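Colleague: I would like to learn how to read a ligand site in a model, beginning with the overall placement and ending with the backbone around it. Could you take me through one case?

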Amino acid sequence: MLQLYFFPMACSLSSRIALMEAGIEAQYHLAHIWTKQVVDDGSDFLGVSPKGAVPVLVLENGERLTESAAVLQYIADAKPERGLAPRPGDVDRYRLQEWLSFIGAEIHKGFLFPTFWYKDDGSLAKPRGRITQTLSVPSAHLAEREFLVGDSFTVADAHLTWALLLLRPAGVDIAQWPPLSAYLGRMQTRPAVREAIATEIALRKAMAA
Ligand SMILES: N[C@@H](CCC(=O)N[C@@H](CS)C(=O)NCC(=O)O)C(=O)O
């Protein structure tokens with residue numbers, strides 16, 4: 001069985017969404033991204049991955065895969081009949097990778113990561129200014145489309161859904177991009193997406209209690 005190391009509402013949420021959209025039953029281990037402890041058994045998360053970051057997907061043969069872009073494509077390819085990624089060789093597969101890179105680098109590391117990890121002592125002014133331009137790209141793209149790639153849900157949509165959800169707590173109101181807020185609303189009508197989010201919000205609340 002696949003195993004996913006995750007932290008509730010962190011970027012590993014998109015991997016949970018992908019697993020649920022794929023109909024893959026997996027084992028989930030909560031890894032605390034600040035203390036670097038695996039909550040199940042108190043073991044050292046750095047022993048699971050020296051990166052100390054979620055997601056980590058443990059494959060059936062015990063190999064460990066990190067980086068959302070790789071993990072998400074692995075999950076999609078494990079159940080090709082679900083159509084969560086275009087087939088390798090199809091130009092849309094590169095479109096998918098283009099979006100996964102953009103979300104991971106420009107939205108996640110370019111904005112969400114510094115916002116949640118660094119003190120806002122003025123040094124966040126640049127990323128805050130740049131995110132407006134960054135978000136105008138998927139907004140324009142989604143103005144005429146239902147999904148990021150092709151005409152059905154892919155793992156790129158799972159990743160963008162997570163990133164858009166995190167923008168509000170990062171102080172960005174996506175209502176200023178109507179195509180993005182409409183898209184997020186549509187994605188949240190999907191049962192797998194709704195269930196994955198509800199599970200992680202409940203876990204996050206339990207941690208805060
Ligand atoms: N490039 C990685 C980034 C993973 C990442 O930054 N995960 C965050 C949570 S959203 C984390 O676990 N951070 C802990 C740390 O960096 O120490 C990916 O796209 O999966």
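Colleague: Where does the ligand lie with respect to domain 1 and domain 2?

Modeller: Please keep in mind that this is a predicted model. The way to read placement is to ask which parts of the chain give residues to the shell, and here both domain 1 (2-83) and domain 2 (91-191) do, so the ligand lies between them. The ligand also sits in the largest pocket.

Colleague: Which residues are the closest to the ligand, and which element gives the largest share of the shell?

Modeller: The ligand is surrounded by 14 residues, and the closest are Lys 36, Val 54, Glu 67, Ser 68 and Lys 109. Helix 4 (residues 91-117) gives the largest share of this shell, with four residues. By character, the shell divides into eight nonpolar, three polar and three charged residues.

Colleague: Which atoms of the ligand pair with Val 54, Glu 67 and Lys 109?

Modeller: Polar contacts are read as pairs of N or O atoms within 3.5 Å. A polar side-chain atom of Glu 67 lies 2.5 Å from a nitrogen atom of the ligand, while a polar backbone atom of Val 54 is 2.9 Å from a ligand nitrogen atom. For Lys 109, an N or O atom of the side chain is 2.7 Å from an oxygen atom of the ligand. On its own the ligand has 510 Å² of accessible area, of which the protein covers 84%.

Colleague: What should I look for in the backbone at Val 54 and Lys 36?

Modeller: Most peptide bonds are trans, and most residues other than glycine have a negative phi. Here the peptide bond from Val 54 to Pro 55 is cis, with omega near 0°, and Pro 55 is found in the loop between helix 2 (45-48) and strand 4 (56-58). Lys 36, although not a glycine, has a positive phi of about 60°, and this residue is found in the loop between strand 2 (26-32) and strand 3 (37-38).

Definitions and conventions. Residues are numbered from 1 along each chain as its sequence is written. This is a predicted model: local features need pLDDT of at least 70, side-chain atom pairs count only at pLDDT 80 or more; totals for chains, interfaces and linings use all residues. Side-chain values use heavy atoms; hydrogens and water are left out. A residue is near a molecule or strand if one of its heavy atoms lies within 4 Å of it. A polar contact is a pair of N or O atoms within 3.5 Å; within protein, one must be able to donate a hydrogen and the other to accept it, and residues adjacent in sequence count only if both atoms are side-chain atoms. Accessible areas come from the Shrake-Rupley method with a 1.4 Å probe; for residues, only the protein chains shown count as cover. On a 1 Å grid over the protein atoms alone, a cavity is a set of points where a 1.4 Å probe fits but cannot get out, and a pocket is an open set with protein on both sides within 12 Å along at least five of seven lines; lining residues have an atom within 4 Å of a point. A molecule sits in a cavity or pocket if more than half of its atoms lie within 2 Å of its grid points. Helices (H or I, at least four residues) and strands (E, at least two) are DSSP runs, numbered from the N terminus. Ala, Val, Leu, Ile, Met, Phe, Trp, Tyr, Cys and Pro count as nonpolar, Asp, Glu, Lys and Arg as charged, and the others, Gly among them, as polar. Domain bounds come from an automatic or database domain assignment.
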